[in-house]
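The exercises below are to be worked with the sequence and the model in view. Each task is followed by a solution in steps.

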Amino acid sequence: MAKFTVPDKVLFVCTGSKCAKRGGKSLYKTAGKFVKDGKGNVEVIRMECTDRCDWAPICTLSPGNIWLKEYEEKDVLKLLLDKN
């Protein structure tokens with residue numbers, strides 16, 4: 001049986017139509033590359049829609065139930081590096 005690892009953090013990125021156009025698709029790709037480069041024990045999960053289109057793009061980081069709206073990619077990447 002394969003080893004089951006649990007990440008320290010999980011980043012859920014909305015890539016629904018409005019979020020994708022406003023940076024969600026780009027963040028999903030960038031965060032995926034960031035994690036593959038060994039920048040922390042983080043899993044990046046793509047979501048189709050969070051039904052919060054007025055605040056697109058949207059992503060959430062767990063643990064902590066942190067929701068980000070109208071974010072900049074650099075701010076999200078900083079959160080992924082944060083050890084707290």
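**Exercise 1.** Determine whether N65 is buried or exposed, and describe its backbone and its place in the chain.

*Solution.* Step 1: the relative accessible area of N65 is 57%, and N65 is therefore exposed, the classes being buried under 20%, exposed over 50% and partly exposed in between (1.4 Å probe, protein chains only). Step 2: N65 has a positive phi of about 50 degrees, although it is not a glycine. Step 3: N65 lies in the loop between strand 3 and strand 4; strands (E, at least two residues) and helices (H or I, at least four) are DSSP runs numbered from the N terminus.

The model is predicted: local features need pLDDT of at least 70, side-chain atom pairs count only at pLDDT 80 or more, and totals for chains, interfaces and linings use all residues. Residues are numbered from 1 along each chain as its sequence is written, and side-chain values use heavy atoms, with hydrogens and water left out.

**Exercise 2.** Carry out the analysis of Exercise 1 for D51, then locate the cis peptide bonds that precede P57 and P63.

*Solution.* Step 1: phi of D51 is near 60 degrees, a positive value in a residue other than glycine. Step 2: D51 is found in the loop between strand 2 and strand 3, and its relative accessibility of 68% means that D51 counts as exposed. Step 3: P57 lies in the loop between strand 2 and strand 3, and the bond from A56 to P57 is cis, with omega near 0 degrees. Step 4: P63 belongs to the loop between strand 3 and strand 4; the bond from S62 to P63 is likewise cis, with omega near 0 degrees.

**Exercise 3.** In what order do the 4 strands of the sheet lie, and which are the edge strands?

*Solution.* Step 1: the open sheet has the order 2-1-3-4, with mixed pairing; two strands pair if DSSP finds at least two bridges between them. Step 2: strand 2 (42-47) and strand 4 (66-69) each pair on one side only and are the edge strands. Step 3: from one strand to the next, the twist averages 20 degrees. Step 4: strand 1 (residues 9-14) runs parallel to strand 2, joined to it by 6 bridges.

**Exercise 4.** Describe the surroundings of V13.

*Solution.* Step 1: V13 lies in strand 1, and its bridge partner in strand 2 is R46. Step 2: V13 has a relative accessible area of 0% and is therefore buried. Step 3: leaving aside neighbours within four places in sequence, the contacts of V13 (heavy atoms within 4.5 Å) include L27, Y28, V44, I58 and Y71. Step 4: C49 is 36 residues from V13 in sequence, and the two are 9.1 Å apart in space, C-alpha to C-alpha.

**Exercise 5.** Characterise the packing of helix 2 against helix 3.

*Solution.* Step 1: the axes of the two helices come within 11 Å and cross at roughly 35 degrees; axes are lines fitted to C-alpha atoms, for helices over the stretch in contact, and angles run from 0 to 180 degrees between N-to-C directions. Step 2: helix 2 contributes S26, L27, T30, A31 and F34 to the contact, and helix 3 contributes E73, V76, L77, L80 and L81. Step 3: these residues divide into 7 nonpolar, 2 polar and 1 charged, where Ala, Val, Leu, Ile, Met, Phe, Trp, Tyr, Cys and Pro count as nonpolar, Asp, Glu, Lys and Arg as charged, and the others, Gly among them, as polar.
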